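Here are some worked exercises for you to try with the sequence and the 3D view side by side. Have a go at each task before you read its solution.

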Amino acid sequence: MTAIKRSLKLAAVASVLAALPATTVLAGGKPKGAKATPPEVIQQLYAGKTSNWNSGGHAYWAPDGRFQGINKTKDAVGIGKWYVTSRSKLCHEANWHKAEGGAVKAYPHKSCWQFVTAPDGTVWERYLNEKGDWYRHQRGKQVNGNTQQRLFRKISQDLGL
């Protein structure tokens, strides 16, 4: 690659990076100037909604604090509670029920996410169980209501719950 082409390429990359909003982060870091998201905001983001996880699973966050989950292979359900802490964490504690070796077994599991809000109002989160990177909260992965209720009931019934 000639020196001119390399310079043009670097200039193009620099102009793209300069055009990004100030709160955009690369490599999964916390947005600059972000502050803890108020617990009431996190509550509003989840209460009464179904989250459709990247893994293929689903979670329903009932307004009264009940949690219902379906795993990605659609053969186990999680039953428990969810809550938001004063330290801007969303957590669920559930027993995940799955048939194994002719018996239904329950596995307790707790997951938590931490939330911050950038100066521009964008909500960011990270999965704490894996010390994950920060990413923008994706409202599009959530829908109002318990959209997986029928499937949850079927799997629960199949498991004898």
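**Exercise 1. Find the partner of Asp64 in a salt bridge, and say how exposed each of the two residues is.**

Solution. Keep in mind that this is a predicted model.
- Step 1: Start at the side chain of Asp64 and look for a side-chain nitrogen of Lys or Arg within 4 Å of a carboxyl oxygen. Arg66 fits, as the closest N and O atoms of Asp64 and Arg66 are 3.0 Å apart.
- Step 2: Check the cover on each residue. Asp64 has a relative accessible area of 54%, so this residue is exposed. Arg66 has 44% and is therefore partly exposed.

**Exercise 2. The structure holds three salt bridges. Work out which parts of the chain the bridge of Lys98 and Asp75 ties together.**

Solution.
- Step 1: Confirm the contact. The side chains of Lys98 and Asp75 form a salt bridge with an N to O distance of 2.9 Å.
- Step 2: Place both residues. Lys98 belongs to strand β6, while Asp75 sits in the loop between β4 and β5 (76–84), so the bridge ties together parts that are 23 residues apart in sequence.
- Step 3: Compare each value with the cut-offs: buried is under 20% and exposed is over 50%. Lys98, at 25%, is partly exposed, and Asp75 is partly exposed at 32%.

**Exercise 3. Describe how the salt bridge of Lys154 and Asp158 sits in its helix.**

Solution.
- Step 1: Find the pair. Lys154 and Asp158 form a salt bridge whose closest N and O atoms are 2.8 Å apart.
- Step 2: Count along the helix. Both residues lie in α3, four residues apart, which is about one turn of the helix.
- Step 3: Recall the geometry. An α-helix has 3.6 residues a turn, so residues three or four places apart point the same way.
- Step 4: Add the accessibility. Lys154 is partly exposed at 47%, whereas Asp158 is exposed at 54%.

**Exercise 4. Which residues of helix α2 (residues 39–46) are buried, and how are they arranged around the axis?**

Solution.
- Step 1: List the buried residues of α2: Ile42, Leu45 and Tyr46.
- Step 2: Look down the axis of α2. The buried residues fall within an arc of 85 degrees, so they line one face of the helix.
- Step 3: Turn to the face away from the buried side. Glu40 and Gln44 are the exposed residues there.
- Step 4: Follow the chain just past α2. Here Gly48 takes a positive phi of about 80 degrees.

**Exercise 5. Characterise the largest pocket and the largest cavity by volume and lining.**

Solution.
- Step 1: Begin with the pocket. The largest pocket has a volume of about 640 Å³. Its lining has 24 residues, of which Trp53, Asn54, Ser55, Trp113 and Tyr135 are the closest to its centre.
- Step 2: Assign the pocket lining to strands. At least two residues come from each of β2 (49–52), β6 (89–100), β7 (103–117), β8 (123–127) and β9 (135–136).
- Step 3: Move on to enclosed space. There is one cavity of 30 Å³ or more, and the largest cavity has a volume of about 40 Å³.
- Step 4: Inspect the cavity wall. Its lining residues include Thr50, His58, Tyr60, Gln68, Asn146 and Phe152. β3 (58–61), β4 (66–70) and α3 each give at least two residues to this lining.

**Exercise 6. Locate the nonpolar surface patch that includes Leu161, and place Leu161 in the chain.**

Solution.
- Step 1: Collect the members. Ile79, Val104 and Leu161 make a nonpolar surface patch of about 240 Å².
- Step 2: Place Leu161, which lies in the segment after α3 (149–158).
- Step 3: Classify Leu161. Its relative accessibility is 48%, so Leu161 counts as partly exposed.

**Exercise 7. Summarise the order of the elements and the share of buried residues in the protein chain.**

Solution.
- Step 1: Count the elements: the chain has three helices and 10 strands.
- Step 2: Read from the N terminus on, and the order is α-β-α-β-β-β-β-β-β-β-β-β-α.
- Step 3: Finish with burial. Of the 161 residues in the protein chain, 35% are buried.

How values were computed. Residues are numbered from 1 along each chain as its sequence is written. This is a predicted model: local features need pLDDT of at least 70, side-chain atom pairs count only at pLDDT 80 or more; totals for chains, interfaces and linings use all residues. Side-chain values use heavy atoms; hydrogens and water are left out. Patches are made of residues with over 30% relative accessible area and no salt bridge: like charges are joined within 9 Å, nonpolar side chains (Val, Leu, Ile, Met, Phe, Trp, Tyr) within 5 Å. Accessible areas come from the Shrake-Rupley method with a 1.4 Å probe; for residues, only the protein chains shown count as cover. Buried means under 20% relative accessible area, exposed over 50%, partly exposed in between (1.4 Å probe, protein chains only). The arc is that of the directions from the helix axis to the C-beta atoms. On a 1 Å grid over the protein atoms alone, a cavity is a set of points where a 1.4 Å probe fits but cannot get out, and a pocket is an open set with protein on both sides within 12 Å along at least five of seven lines; lining residues have an atom within 4 Å of a point. Grid points are joined across faces, edges and corners, and a volume is the space filled by probe spheres set on the points.
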